[in-house]
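Work through the exercises below with the model open. Each task is followed by a stepwise solution.

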Amino acid sequence: MTILDDARAVIAEGPVCDACVGRAFAERSFGLSNAERGRALRVTVALDADESVDEFELDGECWVCEGECARFETWAERCIGALSEVDLATYQVGTRVPPLIEANDRLLRESAGFPEDAGESFKSELNREVGKRVGERTGTAVDFERPDVLCLLNLEREDVDVQINPAFVYGRYRKLERGLPQTEWPCRVCGGSGKQLAVAADGEDGDGEDDGSTDGGANDGTERSAAEEPCEHCGGSGYLYEASVEELTVPPVVEAMDGAAGVFHGAGREDVDARMLGTGRPFVIEVKEPRRRAIDTEELEAEIEDFAGGRVAVEGLGRATHEMVERVKELDASKTYRMTVEFAEPVVEEALADALAALDGATIAQRTPGRVDHRRADRVRTREVYRADGELDDPRHATIEVDGAGGLYVKELVSGDADRTAPSLAGQLGVDATVTALDVLAVEGEEPFADPAYLHGT
Ligand SMILES: [Zn+2]
Ligand SMILES: [Zn+2]
């Protein structure tokens, strides 16, 4: 069988459009659209038979694609319409192909005596032809891995679903105030609902104690049944803290990108009562369904600062790839801490210097501290102290700085945690010692977090 015999066999199954004919021969030659291939074969068959090409023309609607191959333009227009309000640099087109068309493609090949999967599939041609047009009109590039948007052609519904993939903003934050958790902290008593069951039914009008708290979040739109009252533990807000780094930084970013929602990912987290100062802590804010992607980083930094009311500041903002989320979460990072330490008895400068010298460069063995999540297994692990120095403020107080490996429990390094951490400052001094104030001054990755490979130009 020559290609002409094959072409005759396919055309004889008619009415089949040029694209559907050509698609069955998609692996032959290159630089041609399937429609060009089909047209060329049709003409060649006519030449070979020495008959008018009219004899071999499409007569009526193509039964294989049901006319869809004549509608690439229409589908491209629909995509562009659906994307009109969306900012994108990369796209991908996908199609939900009705089972009937898929079956027709197989039937054509079977009837012509071809393998079932000869040439190209209808779906692949439609995605490519529509995608090519979308790219040309919008000046954007196709990306099969992680496009900014995915246009899903729904042939049965005659419409296009646009899926907008998240955008990511990297930066470093400083937390300038104590008592602020990094992320929302739902109340563990009521599970964030802000409600508890009423204890006793003495008087059903139990709502009088409403304190006018303005925290709406968890309660909005839910009806309070007569048997519920505000949770005592959290005062009915559902949260133990009225704000968090997340809540003070995410909304301006979501707004700048005109997104639907945002998620905060931090490179570890400091204790609620610790400040994060110095060079700040790396984070990524993931914006869901952003309709804008370009950001003015300086403007956004100022907006966040304004929104956070001086409690949190951010710097070094830049658009990041999705891999940056994993990077901030997984990259090993050392930390620099500054602590105010209180001693149970007076300490002299020389003793403090000796104790710190013993910790400087030491490997510390720590059992899981009692204050840490009880569900975490109690085990001994070791962490390095890279540097420890400091000086007395007065005989009962000192200011100490420690550089330590990620995961070092630094409050326990000072207190000794009832001998669960050794060596410790208290152990070296033979005097009880407690951290009364903690600041994190730096979070440094084993390699820089802000690797350009993980950042986009803005
Ligand atoms: Zn067709
Ligand atoms: Zn509660």
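**Exercise 1: The cores**

The largest nonpolar core holds 62 residues, and Val169, Val253, Val284, Leu413 and Val414 have the most contacts inside it. This model is predicted. Task: find which helix gives this core its largest share, then work out where the core lies relative to the domains.

Solution.
- Step 1. Helix H7, residues 245-256, supplies the largest share, six residues.
- Step 2. Both domain 2 (167-178 + 242-330) and domain 3 (333-445) give residues to the core, so the core lies between these two domains.
- Step 3. Now look for another core. A second, separate one has 41 residues, among them Cys17, Phe122, Leu153 and Val160.
- Step 4. Set this against a general rule: in soluble globular proteins, nonpolar side chains tend to be buried together.

**Exercise 2: One core residue**

Task: which residues does valine 169 touch, leaving out those up to four places away in sequence?

Solution.
- Step 1. Start with the valines. Val253, Val284 and Val287 touch valine 169.
- Step 2. Add Ile285, Ile295, Leu317 and Ala320.
- Step 3. Finish with Arg319, which also touches valine 169.

**Exercise 3: Domains 1 and 2**

Task: describe how domain 1 and domain 2 meet, beginning with the domain bounds.

Solution.
- Step 1. Take the division of the chain: domain 1 is 3-164, domain 2 is 167-178 + 242-330, and domain 3 is 333-445.
- Step 2. Take the spacing. The C-alpha centres of domain 1 and domain 2 are 45 Å apart.
- Step 3. Take the contacts. Six residues of domain 1 are in contact with seven residues of domain 2.
- Step 4. Sort the domain 1 side by class: two nonpolar, no polar and four charged residues.

**Exercise 4: The whole chain**

Task: what radius of gyration does the chain have, and what would a compact globule of 458 residues have?

Solution.
- Step 1. The compact globule would be near 23 Å. The chain has 33 Å.
- Step 2. Check the box. Along the principal axes, the C-alpha atoms fill roughly 110 × 65 × 40 Å.
- Step 3. Check burial. Of the 458 residues, 36% are buried.
- Step 4. Check contact range. Among contacts with a separation of 6 or more, 75% join residues 24 or more positions apart.
- Step 5. Count the elements: twelve helices and 16 strands.

**Exercise 5: Confidence**

Task: where is the pLDDT below 50?

Solution.
- Step 1. Begin with the chain. Its average pLDDT is 90, and 93% of the residues score at least 70.
- Step 2. Residues 201-224 fall below 50.
- Step 3. Beyond near neighbours in sequence, this stretch has 17 contacts in the model.

Definitions and conventions. Residues are numbered from 1 along each chain as its sequence is written. Chains are lettered from A and ligands numbered from 1 in the order in which they are written. This is a predicted model: local features need pLDDT of at least 70, side-chain atom pairs count only at pLDDT 80 or more; totals for chains, interfaces and linings use all residues. A nonpolar core is a set of buried Ala, Val, Leu, Ile, Met, Phe, Trp, Tyr and Cys residues joined through C-beta atoms within 7 Å. A residue is buried if 20 or more other C-beta atoms lie within 10 Å of its own, exposed if 12 or fewer, and partly exposed in between; C-beta atoms are placed from the backbone. Helices (H or I, at least four residues) and strands (E, at least two) are DSSP runs, numbered from the N terminus. Domain bounds come from an automatic or database domain assignment. Two residues are in contact if their C-beta atoms, placed from the backbone, lie within 7 Å. pLDDT is the predictor's confidence in each residue, from 0 to 100. Ala, Val, Leu, Ile, Met, Phe, Trp, Tyr, Cys and Pro count as nonpolar, Asp, Glu, Lys and Arg as charged, and the others, Gly among them, as polar. The radius of gyration is taken over C-alpha atoms; the globule rule is 2.2 Å times the number of residues to the power 0.38.
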